[in-house]
Amino acid sequence: GFCAMAMAATSPTPPSLTPSMRPLLLLLACLSSLAPEVSAYGPLPSARFPPARPFSGSNQLSKLCHEHVRGVSLQALLPMRRDRGSFRMTAAPPFVVEKARTAQQIGDAAAFFVEAYWAQGTAIEPMDLSENQRAEIARQQRIDMEERYGELVGSRRLNSALYVSRPSANAPINGVVGFEIAVIDMHAAEILSRRRGEGLFKNALMEMGARDRNALRKAPLKDLAAQLLPVGHIVSPVLSNLAVARESRRSGLAQSLCRVCEEAALENGFDSIFLQVEEDNAPASRLYTKLGYKEEWRVEDAPATRVEVDPNGGCRLKTVGTTLLGMRKSL
């Protein structure tokens, strides 16, 4: 009966509805498209999705909604959809997420990160930085991001990507997040840098004979890791460097950027993803817990990056000790 009312609400001559009733009836119409026995338009194909997988790329569900809710777009009900290599956020307000590929794009992301994370972030106290200090920190941040996410010459085993979001295609950046497939030392509770991780694979292969190396040439990454990495080491996707502009916080953008990384993990054949967050960063910890991340390890006096300003007005990135939480989510 509710579904019939919802279909009536979107018919060419709908009955009189109050503003508060219409969103609920539209949602019921969307849900009814998944139940063939109650559809007013005849049997529908089944829509099956993995229970823990986000709705990104759910073109089948979107199609069903549009077929049975005439002329009314319900895409705002879907968290995101994939569109030719980029992600279109369909929650209000919408966002476009793309990879930062070139040195200029990574530099722009680094400059944004300085503003959103260092100057106005939640992990540390906001800092009043001069233009020269911002430029210097951005330079150092760009070097770090190029090493972690930049294109490398030759083949590599550990893929990575830096995603940036904008309200529209040509608008300024309002969010950034990093995705890495990294080697993790589970015994030491440490995520290795890309350089160190690639080095472990390279050294292990160099110790093998030519015939054994050729046998592993086309082996999947997880199989390769099981054979070559030291005991207690795994390969896994890692979410990192999440930052959102102050004016875009509490809009769902941070959650959407996390889902982009989770989707990338699934596309690379993994069923879980890790991240690290400082224990004192309560807003970030609450977000990750809400999204289903669970504590995997806790490291006291772990290295963390901070900005140090000297008396002469200069600044640099330095390493300090902090309590670091390693969190993992099953996808």
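Select Phe 113, Tyr 117 and Trp 118: together they form one aromatic cluster. Rings of Phe, Tyr and Trp (its six-membered ring) count as a pair if their centres lie within 6.5 Å, and the planes are called stacked under 30 degrees, edge-to-face over 60 and tilted for the rest. The model is a predicted one, in which local features need pLDDT of at least 70 and side-chain atom pairs count only at pLDDT 80 or more, while totals for chains, interfaces and linings use all residues. Residues are numbered from 1 along each chain as its sequence is written, and side-chain values use heavy atoms, with hydrogens and water left out.

**The aromatic cluster**

By the ring rule there are 4 aromatic pairs. One of them is Phe 113 with Tyr 117, a stacked pair at 4.8 Å centre to centre with 15° between the planes. Phe 113 and Tyr 117 are 4 residues apart in helix α4 (residues 103-119), which means that about one helical turn separates them. Helices here are DSSP runs of H or I with at least four residues, strands are runs of E with at least two, and both are numbered from the N terminus.

Now keep Tyr 117 and add Trp 118: this pair is edge-to-face, 4.9 Å centre to centre and 90° between the planes. Are these residues buried or exposed? Phe 113 and Tyr 117 are both buried, Tyr 117 with a relative accessible area of 19%. Trp 118 is buried as well, at 2%. Buried stands for under 20% relative accessible area, exposed for over 50% and partly exposed for the range in between (1.4 Å probe, protein chains only).

**Elsewhere on helix α4**

Ala 111 is also placed in helix α4. Its relative accessibility is 40%, so Ala 111 counts as partly exposed. Add Ile 137 to the selection: the C-alpha atoms of Ala 111 and Ile 137 are 8.2 Å apart in space, with their positions 26 residues apart in sequence.

**Strand β7 and its partners**

Select residues 233-244, strand β7, where 11 of the 12 residues are buried. Strand β5 (residues 175-185) runs antiparallel to β7 and is joined to it by 10 bridges; two strands pair if DSSP finds at least two bridges between them. Show Ile 184 to find it opposite Ile 234 in β7.

Strand β8 (residues 272-278) pairs with β7 in the parallel sense, over 2 bridges. Here Leu 239 stands opposite Leu 275 in β8. Add helix α9 (residues 253-267) to the view: β7, α9 and β8 make a right-handed β-α-β unit. Right-handed applies if, with the strands pointing away from the viewer, the path from the first strand over the helix to the second runs clockwise.

**A lysine over a ring**

Next, select Lys 222 and Phe 270. Lys 222 lies over the face of Phe 270, 5.2 Å from the ring centre. The rule asks for NZ of Lys or CZ of Arg within 6 Å of the ring centre and within 35 degrees of the ring normal.

**The cysteines**

How many disulfides does the structure hold? The count is 0, a disulfide being a pair of cysteine sulfur atoms within 2.5 Å. For Cys 258, the closest cysteine sulfur is that of Cys 261, at 6.8 Å, too far for a bond. Cys 258 is buried at 0% relative accessibility, and Cys 315 is buried at 11%.

**Whole chain**

Finally, zoom out. The chain has 10 helices and 10 strands, and 45% of its 331 residues count as buried. Of the contacts (heavy atoms within 4.5 Å) in the chain with a separation of 6 or more, 64% are between residues 24 or more positions apart.
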